[in-house]
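Dear colleague,

Please find below the structure that I am handing over to you. My findings follow it.

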Amino acid sequence: MNPPSSQLRQQSATEQVHTTQGETVREFATPEELLRHDRGQTAVPPGIAERLGETLAAEPPPAAEKKPWWKRLL
């Protein structure tokens, strides 16, 4: 059973819209690259940004590279 020609025109017009509005496809080599890209595209809500800043401020600073225990003894 063949659909009427008006349905065919509507279907082809819909397909054209989807193909012309297609997004650029990007491939990422690593998950980290994907997260960096997503970070640039996503706005962080102010409340979450504030809480994150408080949490990071409470963290101790990263320790300098420690010497192995055996080097500290000698």
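Buried residues, meaning those under 20% relative accessible area (exposed is over 50%, partly exposed in between; 1.4 Å probe, protein chains only), make up 0% of the 74 residues in the protein chain. This is a predicted model, in which local features need pLDDT of at least 70, side-chain atom pairs count only at pLDDT 80 or more, and totals for chains, interfaces and linings use all residues. Residues are numbered from 1 along each chain as its sequence is written, and side-chain values use heavy atoms, with hydrogens and water left out.

The protein chain holds 4 helices and 0 strands (DSSP runs numbered from the N terminus: helices are H or I of at least four residues, strands E of at least two).

As to confidence, the mean pLDDT (the predictor's confidence in each residue, from 0 to 100) of the chain is 76, and 69% of its residues reach 70 or more. Helix α3 (residues 46-58) has the highest mean, 94, and helix α1 (residues 5-20) the lowest, 47. Over residues 11-19 pLDDT stays under 50, and the model has 0 contacts (heavy atoms within 4.5 Å) beyond four places in sequence for them. Where pLDDT is low, the predicted coordinates should not be read in detail.

Finally, Trp-70 lies in helix α4 (residues 69-73). Trp-70 counts as partly exposed because its relative accessibility is 45%.

Yours sincerely
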